[in-house]
Amino acid sequence: MRDRKKVFFPEKNIYLMDNHKWAFYIWELARKKSVISPNATLIHVDAHLDDCPFVLQDNPEYLEIKELSSLKRFTENHVTYDTFIWPAFGRGTINNIIYVSDYPNEPFQDWATNYVEGRTYEGLRLRSMPHFQKAAESGLVEPYVNDNSLILNLDLDFFNEEDFYGENPKLKTDNEVFSSLTYLKNVYNWDLITVALSPECCGGEEAAKHLLDIFVDVFDIDLAKSLSWEHI
């Protein structure tokens, strides 16, 4: 299933992918097409932080790439499922990041805040959907979303409570998944939504398909009307 599902719904600016690394390319594509403005705010809802920055050190040319075809090759050859956020930050495509994840590490450690020269890596770290809701309702998120393009970046493995690779999922109840997705859909007017199925981390293809079915229902999209973004 890896890299097989690359489809989008142009009327909603929703992009689906198996491998989360392609979010980097889609954000760059959306910036080129003026779907989002530079320095967009990213809200990253995921079981994992995906905040590994070594791709910047290993591939300093990432800053100078201009053509979409070259960005696509760069994503294919150098970006991985957990390194796609940092190059987008370094290029100024995204700016502040709100992490909604219970992963044990902290994304805003001292070493990371000034990893890109002239830029400060900052945002919020929230460990659950209730924490995100509370932060949004209390105004804590507001400074990051005002006057910025907004990207929702969702990995369906957020709804798997087990961290085993490829098997034995412990999915949140359908009601919990439905409630969380409904909140995410309505909390902001998203300019762009990128969704990773990540079947390995969801507990297998069957579990990923089940979560996708709920997402499709909540976000009111018809998979039969999806278009491939493989060639764009």
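1. Is G90 buried or exposed? G90 is buried, at a relative accessible area of 10%; buried stands for under 20% relative accessible area, exposed for over 50%, and partly exposed for what lies in between, with a 1.4 Å probe and protein chains only. The residue belongs to helix α4; helices (H or I, at least four residues) and strands (E, at least two) are DSSP runs, numbered from the N terminus. Leaving out residues up to four places away in sequence, G90 touches Y62, L63, V116 and R119, where contact means heavy atoms within 4.5 Å. Between the C-alpha atoms of G90 and E162 there are 32 Å, with their positions 72 residues apart along the chain.

2. On the basis of the values: this is a predicted model, in which local features need pLDDT of at least 70 and side-chain atom pairs count only at pLDDT 80 or more, while totals for chains, interfaces and linings use all residues. Residues are numbered from 1 along each chain as its sequence is written, and side-chain values use heavy atoms, with hydrogens and water left out.

3. Salt bridges. The criterion is a side-chain nitrogen of Lys or Arg within 4 Å of a carboxyl oxygen of Asp or Glu, and by this rule the count is eight. One of them joins the side chains of K6 and E230, at 3.2 Å from N to O. The two residues are 224 apart in the chain, K6 in strand β1 (residues 6-9) and E230 in the segment after β8 (227-228). K6 is buried at 7% relative accessible area, whereas E230 is partly exposed at 29%.

4. A second long-range pair is E76 with K21, whose side chains form a salt bridge of 3.9 Å, N to O. E76 sits in helix α3 (residues 68-78) and K21 in the loop between β2 (14-17) and α1 (22-32), 55 residues apart. Here the Glu is partly exposed, E76 having a relative accessible area of 40%, and K21 is buried at 7%.

5. R91 and E28 also form a salt bridge, at 3.1 Å from N to O. R91 lies in the loop between α4 (85-90) and β4 (94-100), E28 lies in helix α1, and 63 residues separate them in the chain. Both R91 and E28 are buried. Elsewhere, D102, E106, R125 and R127 are joined into one network by salt bridges that share partners.

6. D51 deserves a separate entry. D51 is buried but has no salt bridge, and the nearest side chain of opposite charge is R125, 7.5 Å away; for this purpose Lys and Arg count as positive and Asp and Glu as negative, with His and the chain ends not counted. D51 is placed in the loop between β3 (40-45) and α2 (54-58). Beyond its neighbours within four places in sequence, D51 contacts D82, W86, Y99, E106, P107 and Y121.

7. Packing of α1 and α3. Their axes come within 9 Å and cross at roughly 165°; axes are lines fitted to C-alpha atoms, for helices over the stretch in contact, and angles run from 0 to 180 degrees between N-to-C directions. α1 and α3 are therefore roughly antiparallel, given that angles under 35 degrees count as roughly parallel, over 145 as roughly antiparallel, 65 to 115 as roughly perpendicular and the rest as oblique. The crossing is right-handed; a crossing is right-handed if the near helix is turned clockwise from the far one by less than a right angle, and left-handed if anticlockwise. Contributing residues are W22, F24, Y25, E28, L29 and K32 from α1, and L68, L71, K72, F74, T75 and E76 from α3.

8. Packing of α5 and α7. Helix α5 (residues 129-137) packs on helix α7 (residues 174-187) at an angle of about 25°, the axes being 11 Å apart. This makes the two roughly parallel, and α5 passes α7 in a left-handed crossing. The contact involves M129, F132, Q133, A136 and E137 of α5 with S180, Y183, L184 and V187 of α7.

9. Backbone. Most residues other than glycine have a negative phi. S34, which is not a glycine, has a positive phi near 60°; S34 is in the loop between α1 and β3 and is exposed at 63% relative accessible area. D147 also has a positive phi, about 65°. D147 is in the loop between α6 (142-145) and β6 (150-155) and is exposed at 84% relative accessibility.
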